[in-house]
Amino acid sequence: MIRITDILDKAQSYLSAEEVEMIQKAYVFSASVHQGQVRLSGEPYLTHPMEVAGILVDLKLDAATILTGILHDTVEDTVATIEQIEEAFGKEVAFLVDGLTKIGKITFGSQVEKQAENFRKMMLAMSSDIRILLVRLADRVHNMRTLEFQTAEKQQYIAKETLDLYAPLANRLGINWMKVELEDLAFRYLDYETYNELAKRVAKKKQQREKYTNEVKTIIKREMDGFGLQGEVEGRAKHFYSIYRKMEEQNLDFDDVYDLTAFRLILDSDKEKECYEALSMVHALWKPVPGRFKDYIAMPKANHYRSLHTTVIGPYGERVEIQIRTRAMHEWAEGGIAAHWRYKEKRAELGEDDEQIRKLRELLETQQELKNPREFMSNLKLALFPDEVYVFTPRGDVQSFPRGATPIDFAYGIHTDIGNQCIGAKVNRAIVPLKYQLRNGDTVEIITQAGHHPSKDWLKYVVTSKAIAKIKSWVKVEERTKSVALGRELLEKEFRKNHLKFNQLIKSEEMKKLYEEYSVAALDDLLALIGYGRVSAKRIVHQFLPETDRAAGEDTTTKIRTRTSEQAPVGISLTGIEDVMVRFAKCCNPIPGDEIVGYISRGRGISIHTTLCPKARDMDPERLVDVQWSIKEKHTYPVDMRVVCRDKKGILAEVSSVISSMDTNISRAEITTKPDIEAVLDFRIDVNDLNQFNQIVSGIKKLKDVIYVERVRKQ
């Protein structure tokens, strides 16, 4: 456990005596209100806020942020109040602590809704002060370091959330060490077997890599001295998650991953030209690998990261990745905004760090427009994972977009109206399809037409969260208009069938009571629900029937409900939906353990998809409903799996043997061989749940000649 003296020693190196004294006061206050509380590890609860404060002081953040780290759980978890915090530590600290107070006391309908609202609150608070996000990240780092004391289910949930959202947020803020640690910790809990195997193999090569690293560093340092370049050379092993991703993305075996070590040239000079001199020195020393040079100095990343990256064929023919940067660039690369953020009461102009915060706020403000929690989280994840391309406007301004972006993304990046009215695009003065993927150096010009509207098909090939949000917003309005019209038609028909006057009864008090029952504000909202299929027109009209007819109707409804419930697939429970048929979507074949979502399709009931299903991205969010697994008896579910392996005699028998040993049936098998001595084995197997499937995958991966195994989902 970190001690208060450790924090105070570090703080006094850059804070005033009064501020250090205030940190001591916060420690006493926190110790007092948290007295008697313990963490799941059995340690006193105070260890957590102290560790969070320790991370913040290592980042050299201001006194208010460190005070917030010590006090961040006092209002939520103890009898302390915001008023007490304000009185003892001032308005600024009270504001930051209040911004960090979680919303766990509010009850939500689903875990996704709760997660979305937590992030909404964090983003809104961050819009006022970025320090709130920095404290939340430090809080997550320590929680991940102590995740072993949580249940297995919570470990999976927290680790996935960390990998999907917190690590990318740390990356967007440029805090590299935090991103790396969060990724590796999350990887460890999400796939411990793979993580452990990778750790063992890296450790086995450690001595050999260290010898090679020292040799390369000595050569580079000797050349730097010859060129008169002052600075240091670092050689660090890549973190486990980055190695794992490279193996997965490029279908490599561990032994085929050569650049396990990344080298950095950190120059003492603040002159950018010396970075390019160092680059020419490296390229004169070893041959560069074509297509592996990136200039992040001329065109920085979205998080303001700046460096030159190159890969060369180094000693003994091994590929060597080298990064070249100045000392100032290195400080930003490791600490990001935390390394440069300065709080002043009056600042006349924006600095680089302020500009970065502005960009992040813009990115997050786009997400705030999304009301559906599942859509909000999906778009937020997309927005936080940019692998960028740089293109030019006709005026020569540089714009950055995620890899895979199209002219439509570019159009929405300029302005929403330009995106909505886009009818075509020119790239490098030539007309291109709207689904053309932008490349580095392209000059893009958008052709617009007044009165033109977005197409739902655009969602198939846009990648920026802003474009997705704006197109879906337009489609939603169009879908709602159609649903209101359909709902009106269905309701009028049902009223006529029962000899009731529609125009008269829609203005009655009984109808207003129905608004409250279905949580809607107006008639159009209710009609939309009927049109979407969420509410039955029969059930609405049922409320206006005489008592005798109503009783007869209830008997019929009960019969219908009993019959239709038998059609629903086993193991699914619905939230707030009745009288509908439920079926599993064949595009993704959900199995128990998958995260799932229901989609109301007109006339075909509710189809169950996995949240990762490619088709789920294009679905109208208004028709999505929360569904859960509810397994009472064991059943089997079909799942498609692909095994890519070396084409050797007996490999099919080996793979089939692993599947059979798990008491699993193979309902379909298809084998294809490739010219490069590889075989592709496609299976459809019947499993009980995701855990059984993962065990099968794990068993197959252990076979010597297997290259990789994946679950197949239809596009």
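**Exercise 1. Determine what share of the chain's contacts with a separation of 6 or more joins residues 24 or more positions apart.**

Solution. A contact means heavy atoms within 4.5 Å. Among contacts with a separation of 6 or more, 66% come from residues 24 or more positions apart. The structure is a predicted model, in which local features need pLDDT of at least 70, side-chain atom pairs count only at pLDDT 80 or more, and totals for chains, interfaces and linings use all residues. Residues are numbered from 1 along each chain as its sequence is written, and side-chain values use heavy atoms, with hydrogens and water left out.

**Exercise 2. Establish how much of helix α3 (residues 47-58) is buried, and against which helices its buried residues pack.**

Solution. Helices are DSSP runs (H or I, at least four residues), numbered from the N terminus. Buried means under 20% relative accessible area, with a 1.4 Å probe and protein chains only.

Step 1. The 12 residues of α3 should span 16 Å at 1.5 Å a residue, and the end C-alpha atoms are indeed 16 Å apart. The expected span is 1.5 Å times one less than the number of residues.

Step 2. Of these 12 residues, 11 are buried, so the rest of the structure largely encloses α3. Among them are His48, Pro49, Glu51 and Gly54.

Step 3. The packing partners of the buried residues are α1 (4-11), α2 (17-33), α4 (63-71), α9 and α11 (176-190).

Step 4. Just after α3, Lys60 has a positive phi of about 55°.

**Exercise 3. Describe the largest nonpolar core and name the helix that contributes the largest share of it.**

Solution. A nonpolar core is a set of buried Ala, Val, Leu, Ile, Met, Phe, Trp, Tyr and Cys residues joined through side-chain atoms within 4.5 Å.

Step 1. The largest core holds 70 residues, and Ile23 and Leu137 are among those that touch the most other members.

Step 2. Helix α9 (residues 131-145) supplies the largest share, 8 residues.

Step 3. Not counting residues up to four places away in sequence, Ile23 touches Ile4, Ile7, Leu8, Ala11, Leu15, Ile66, Leu67 and Ile70.

Step 4. A second, separate core has 24 residues, including Val391 and Ile471.

**Exercise 4. Explain why Cys588 forms no bond with Cys613.**

Solution. A disulfide is a pair of cysteine sulfur atoms within 2.5 Å.

Step 1. The closest cysteine sulfur to that of Cys588 lies in Cys613, 3.8 Å away, which is too far for a bond.

Step 2. Cys613 is likewise in no disulfide, its nearest cysteine sulfur being that of Cys587 at 3.5 Å.

Step 3. Cys588 is buried at 3% relative accessible area, and Cys613 is buried at 3% relative accessibility.

Step 4. A search of the whole structure finds 0 disulfides.

Definitions and conventions
Buried means under 20% relative accessible area, exposed over 50%, partly exposed in between (1.4 Å probe, protein chains only). Helices (H or I, at least four residues) and strands (E, at least two) are DSSP runs, numbered from the N terminus.
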